[in-house]
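Ready for a little structure reading at the bench? Work through the exercises below with the model open beside you, and try each task before you read its solution.

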Amino acid sequence: MRIISGMYKGRRLQAPKKLPVRPTTDMSKEALFNIINNTYTFSQLTVLDLFAGTGNISYEFGSRGTKQITAVDAHYGCVGYIKKTAEELELPIQTIKSDVYAYLEKVKQQADLIFADPPYDFATEQFIKIAELVFQNELLLDDGVLIIEHSKHTDLSASPHFSQARKYGGSVFSFFKK
């Protein structure tokens with residue numbers, strides 16, 4: 001995995017092979033961050049990274065100057081790897097080991113951008129439940145966005161907060177807004 005831009009541009013990170021992850025591809029990540037870059041100022045964002053896995057997305061935000069990043073994952077090894085890497089790179093990433101759904105039920109902190117990258121084999125209802133919890137619990141700040149990464153075989157446009165979808169290879173980013 002590679003950091004695309006910012007102070008650690010080009011830096012390669014090697015996650016342990018035993019982690020149960022599927023990191024966002026460089027091509028997809030670059031396209032996603034181009035979209036985000038045209039809408040937001042990274043240094044002014046608060047970011048919540050759900051199903052954070054290796055921390056790939058969190059590192060990209062941190063490298064681009066985001067000062068407040070929370071990475072949530074249920075796997076102990078993933079959380080440990082993110083925490084260790086964030087410390088080594090001196091990135092402002094807070095790690096939380098939790099089931100994402102349980103976390104969304106109890107968290108009160110709002111964010112400008114919430115990114116979720118759940119397993120691609122989730123049922124459509126499981127993806128939609130993420131959006132429901134985010135909006136039901138008012139976790140987005142004004143003009144905030146929820147972005148869910150999923151396979152091209154999943155359609156999330158039935159959600160009332162669905163805004164648009166962008167497809168890159170086998171991956172799709174669905175955007176949700178208030």
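**Exercise 1. Find the central pair of strands.**
Which residue in β4 stands opposite L48?

Solution. Start with I114, since L48 stands opposite it in β4. Now widen the view: β1 covers residues 46-50 and β4 covers residues 111-116, and four bridges join these parallel strands. Strands here are DSSP runs of E with at least two residues, helices are runs of H or I with at least four, and both are numbered from the N terminus. Two strands pair if DSSP finds at least two bridges between them.

Before going on, two notes on the source. This is a predicted model, in which local features need pLDDT of at least 70 and side-chain atom pairs count only at pLDDT 80 or more, while totals for chains, interfaces and linings use all residues. Residues are numbered from 1 along each chain as its sequence is written, and side-chain values use heavy atoms, with hydrogens and water left out.

**Exercise 2. Lay out the whole sheet.**
In what order do the seven strands of the open sheet lie?

Solution. Step one: read across the sheet as β3-β2-β1-β4-β5-β7-β6, with mixed pairing. Step two: look at the ends, where β3 (93-97) and β6 (162-168) are the edge strands, each pairing on one side only. Step three: follow the twist, which averages 15 degrees from one strand to the next. Step four: add helix α5 (residues 124-136), which lies across β1, β4, β5 (140-151) and β7 (171-176) and runs at about 170 degrees to β5. Such angles run from 0 to 180 degrees between N-to-C directions, with axes fitted as lines to C-alpha atoms (for helices, over the stretch in contact). Step five: place the sheet in the chain, which has five helices and seven strands running α-β-α-β-α-β-α-β-α-β-β-β from the N terminus.

**Exercise 3. Compare two residues with positive phi.**
F51 and E138: is each one buried or exposed?

Solution. First, the background: most residues other than glycine have a negative phi. F51 has a positive one, near 55 degrees, and is found in the loop between β1 and α2 (56-63). E138 has a phi near 50 degrees and sits in the loop between α5 and β5. Next, apply the cut-offs: buried means under 20% relative accessible area, exposed means over 50%, and partly exposed is in between (1.4 Å probe, protein chains only). F51 has 15% and is therefore buried, whereas E138 has 55% and is therefore exposed.

**Exercise 4. Sort the salt bridges.**
Which parts of the chain does the R2 and D26 pair tie together?

Solution. Recall that side chains of opposite charge can pair when their charged atoms come close. Here a salt bridge is a side-chain nitrogen of Lys or Arg within 4 Å of a carboxyl oxygen of Asp or Glu, and the structure holds five. In one of them, the closest N and O atoms of R2 and D26 are 3.2 Å apart. R2 lies in the segment before α1 (26-37) and D26 in helix α1, so this pair ties together parts 24 residues apart in sequence.

Now try K84 and E88, whose salt bridge has an N to O distance of 3.6 Å. Both lie in helix α3 (residues 76-89), four residues apart, about one turn of the helix. K84 is partly exposed at 46%, and E88 is exposed at 54%.

Finish with E60 and R64, which meet at 2.9 Å, N to O. E60 is buried at 0%, and R64 is buried at 17%. Together with K29, E60 and R64 are linked in a network of salt bridges.

**Exercise 5. Look into the cores.**
How many residues does the largest nonpolar core have?

Solution. A nonpolar core is a set of buried Ala, Val, Leu, Ile, Met, Phe, Trp, Tyr and Cys residues joined through side-chain atoms within 4.5 Å. The largest has 34 residues, and those with the most contacts inside it include L32, Y59, F61 and I147. Among the elements that each supply at least two residues of this core are α1, α2 and β2 (68-73). A second, separate core of 27 residues includes V72, L104, F127 and I130. To close, zoom in on Y59: beyond its neighbours within four places in sequence, Y59 has contacts (heavy atoms within 4.5 Å) with residues including M1, L13, Y81 and I93.
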